[in-house]
Amino acid sequence: MNATPHYQRIAAELQARLDAGEFVPGSRLPAVRRLAEHYGVNTLTALAAYRLLEQRQSVVARPRAGFYAALPRRAAHPEQSAPLPAPAALVQVDSRVSHLLRLSGSRLALQLHMAEAATALYPTAELARRLQHTLLRQPELIGAYLAESEQTRLKREIARLAAGAELDLTPGDILMTQGITEAISLALRLLTRPGDTVAVETPVYFGLLQTLESLGLKALEIPCTPDAGLSLEALEFALRHGPAVRCLVTVPHFQNPTGALMPDDNKKRLLQLARRHGVTIIEDDVFGDLYFGPRRPTPLKAWDRDGEVIYCASFTKSFAPSFRLGWLAGGRHHAALARLRESSSLVSSSLLQVVLADMLAAGDYARTSQRLRQQLAQQMQATADAVLAAFPHGTRVRRPQGGLLLWVECPEGVDTTQLLEAALAQSISFAPGLLFSAEPRFRHCLRLNFGQPWSGQLADAITLLGRLATAQLAGQD
Ligand SMILES: Cc1ncc(COP(=O)(O)O)c(C=O)c1O
């Protein structure tokens, strides 16, 4: 005879299903009556199972609405016994990230930790020719800020490019920035004060965590999966029950690191949700031009009627990483952002802006970025195939529809921080999962860059990584 009370057995089973990720955090769980029917018990027993899980903070009860899967746990604070979602955490990631960034300057044979394509894939020779030509004709570009008329010419070209993504912008709506990093920093500086809470995706680009850290902000991490992108259920739950959120930073297109693409319907729902809760959205569209499908995805900003979305974009991934040319369209916050930029980097390089304007006007950007997209799409397939062939059974990969990053979810038990040490010894780098959250959440995951031309050396490196991961698991048996 089984001595464990029914309600405890049901709770244990539900806990296992929650742990296995069957229910998205923040999503609604089966109604008490349905749970009772499913297990052939009365509703009081089913309710007791939920109450037990509630005590353990695995589920959250909402009055008259039922039970919901809790958001991911945060590090335990003994003094804190509040129901989930727990207060957002102050971010501290800097040293971990600096360690990774230092790898870029090293002599590793295969660097798969970065988020740019290989130098050879960018139109460097064409850019060099244009730079020389422009400099010979207009040496004054070195000695002066860009003339107003030239700034407008560049912004007109950018507005034309944006129109292809269904954004209706005039040159006056556009502010140039140093990469997208400055655009996002400006937006955060404008919208927040130290100690405020910002909603971000989890896993999330570690550069954003660094920015939040430098501004003394707290991150409220909202689950984002490769298949479904940002969980709107979890976000809504957090906005209703969590701490006050000043703004949300989201990467709807080919999110870093998951590669997720937010469906258009979700974009519209997200805008409504943000409006209902008075949350400004900072849209990071750094990978938007690197789509593999027939058409560029449409930014959230295209449906923003209130000017509440601060749209940020950049040419750093799709054209020339070192030019550091980014831009934003700040909607109703635009004038304030333009003022803030005066105390930040003031202006961008005249020479580089003129070259960008010329390349946009001549159709060269459209041509070279199309070539880059085609190469990336092929490299993504080859990389994903190699990972699935080499990594331990149970490894999951969702092939992204754009960008240059592949998120690899190894079976629990693989520790990718340790795996990185072993890989570095073989002159291979990647980005370990631990970097993509302020919490120790993605230890079994890793991010690979597929921006390198496919080669035998690359295939061998991925086979080796897979072998190392398999050996790690076997060592635990
Ligand atoms: C999601 C995301 N946002 C922003 C950046 C930084 O972009 P930029 O080089 O334009 O500052 C990166 C770079 O990897 C990124 O992945």
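Here are a few notes to help you find your way around this predicted model.

1. A word on the basis first. This is a predicted model in which local features need pLDDT of at least 70 and side-chain atom pairs count only at pLDDT 80 or more, while totals for chains, interfaces and linings use all residues. Residues are numbered from 1 along each chain as its sequence is written, and side-chain values use heavy atoms, with hydrogens and water left out.

2. On overall size, the C-alpha atoms fill a box of roughly 90 × 50 × 40 Å along the principal axes. The radius of gyration, taken over C-alpha atoms, is 24 Å, which agrees with the value near 23 Å for a compact globule of 477 residues; that rule is 2.2 Å times the number of residues to the power 0.38.

3. Buried residues (under 20% relative accessible area, 1.4 Å probe, protein chains only) make up 55% of the 477 residues.

4. The domain assignment, which is automatic or from a database, gives domain 1 (1-67), domain 2 (94-121 + 369-475) and domain 3 (124-366). The C-alpha centres of domain 1 and domain 2 lie 38 Å apart.

5. For a single residue to look at, try Arg269, in helix α11 (residues 264-276); helices are DSSP runs of H or I, at least four residues, numbered from the N terminus. Arg269 is partly exposed because its relative accessibility is 41%, between the 20% and 50% limits. Beyond its neighbours within four places in sequence, Arg269 is in contact (heavy atoms within 4.5 Å) with Leu232 and Glu233.

How values were computed:
Helix = DSSP H or I, 4+ residues; strand = E, 2+ residues; numbered from the N terminus.
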